[in-house]
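Student: I would like to take a close look at a single part of this protein, namely its interior. Could you please guide me through that part in one connected account?

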Amino acid sequence: MASPFGVLVCLLIVLPKILAISSPIDEIAPLKTCQFPCMTEVNLHLFLHQFVDGPNNPNRNEETLLQASFPFGFGTTIVHDWTLTETTNSRDTVVARVQGVHVQAGLTKPNRWYTTHNIEFQQGRFAGSTLQVMGITAGLESGQWSIVGGTGQFIMAQGIISFTNHPASTFEDGIKELNIRVRFTRDITQAA
């Protein structure tokens, strides 16, 4: 009869060889490089121009689709195509368009506009890329929107857009100053 020590030594010598023969692990090639692309962060400072819907505003860049009769206009839905420039002047070069909808989502408070939109860049290094954004707007002097995705150079984007109503705003041109902080996956096929 074998001693417990002899059985243990036999197992320690033979078991790894048995496992090596039956294991599919040796069929997987070892990783030579990291499989996760690098993250990049960029900060942008832009100005949003909102020309509100209304009969006396021929330059408007939003349109009411549904005017609800609930308290505070709950359910009112507006589609928008706002512009982003590098200055407070709405006539400057449009860097990007902010296209989406905002819905009056507050049944107990006025001006609780839920917004979801795509920021599509038209000029500069990010031309053709988009950011998907959502949050609350209107009725707030300042606030934040979440960046929940992106395309083009903004693959797997995430981040935050901090906004404040700019003092240069008028009834015709509601200006929001945006500080966009976005992290995204660098496309290693384009970087190579």
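Tutor: Let us begin with the nonpolar core. In this predicted model, the largest nonpolar core has 24 residues. Those with the most contacts inside it are Ile119, Phe121, Leu131, Phe154, Ile180 and Val182. At least two residues of this core come from each of the following strands: S1 (39-50), S3 (77-85), S4 (96-104), S5, S6 (130-137), S7, S8 and S9 (174-185).

It helps to place these strands within the whole chain. The secondary structure comes to 2 helices and 9 strands, and along the sequence the pattern reads α-β-β-β-β-β-β-β-β-β-α. The chain has 192 residues, of which 30% count as buried.

Leucine 131 offers a good view of the core from within. Leaving aside residues up to four places away in sequence, leucine 131 touches His117, Asn118, Ile119, Phe121, Ile147, Gly149, Gly150, Phe154, Ala157, Ile180 and Val182. Contacts between separated parts of the sequence can also be considered for the chain in general. Among contacts between residues at least 6 apart in sequence, 47% join residues at least 24 apart.

Two of the partners of leucine 131, Phe121 and Phe154, lead us to the aromatic residues. How many aromatic pairs does the structure hold? There are 7 aromatic pairs. In one of them, the rings of phenylalanine 121 and phenylalanine 154 have centres 5.6 Å apart and planes at 50°. The pair is classed as tilted because this angle is neither under 30 degrees, which would count as stacked, nor over 60, which would count as edge-to-face. The pair links distant parts of the chain: phenylalanine 121 belongs to strand S5 (residues 113-121), whereas phenylalanine 154 lies in the loop between strand S7 (142-151) and strand S8 (155-165), 33 residues apart. Both phenylalanine 121 and phenylalanine 154 are buried. They also belong to one aromatic cluster, formed by Phe121, Phe126, Phe154 and Phe184.

A further aromatic pair consists of tryptophan 145 and phenylalanine 163, and it too is tilted, with 4.8 Å from centre to centre and 35° between the planes. Here tryptophan 145 is in strand S7 and phenylalanine 163 in strand S8, 18 residues apart, so that distant parts of the chain are again linked. Are these two residues buried or exposed? Tryptophan 145 has a relative accessible area of 1%; since buried means under 20%, tryptophan 145 is buried. Phenylalanine 163, also at 1% relative accessibility, counts as buried by this cut-off.

The surface may be set beside this interior. The chain exposes about 12,000 Å², and carbon and sulfur atoms supply 61% of it. Leu65, Leu66 and Val79 make a nonpolar surface patch of about 260 Å². One of these residues, leucine 66, lies in strand S2 (residues 62-66). Its relative accessibility is 46%, which lies between the cut-offs of 20% and 50%, so leucine 66 counts as partly exposed.

Serine 169 provides a final example, in the loop between S8 and S9. With a relative accessible area of 29%, serine 169 is partly exposed. Apart from residues up to four places away in sequence, serine 169 touches Gly174 and Ile175. The C-alpha atoms of serine 169 and glutamine 50 are separated by 9.4 Å, although these residues are 119 residues apart along the chain.

How values were computed. Residues are numbered from 1 along each chain as its sequence is written. This is a predicted model: local features need pLDDT of at least 70, side-chain atom pairs count only at pLDDT 80 or more; totals for chains, interfaces and linings use all residues. Side-chain values use heavy atoms; hydrogens and water are left out. Rings of Phe, Tyr and Trp (its six-membered ring) pair if their centres lie within 6.5 Å; planes under 30 degrees apart count as stacked, over 60 as edge-to-face and the rest as tilted. Helices (H or I, at least four residues) and strands (E, at least two) are DSSP runs, numbered from the N terminus. Buried means under 20% relative accessible area, exposed over 50%, partly exposed in between (1.4 Å probe, protein chains only). Contact means heavy atoms within 4.5 Å. Accessible areas come from the Shrake-Rupley method with a 1.4 Å probe; for residues, only the protein chains shown count as cover. A nonpolar core is a set of buried Ala, Val, Leu, Ile, Met, Phe, Trp, Tyr and Cys residues joined through side-chain atoms within 4.5 Å. Patches are made of residues with over 30% relative accessible area and no salt bridge: like charges are joined within 9 Å, nonpolar side chains (Val, Leu, Ile, Met, Phe, Trp, Tyr) within 5 Å. A salt bridge is a side-chain nitrogen of Lys or Arg within 4 Å of a carboxyl oxygen of Asp or Glu.
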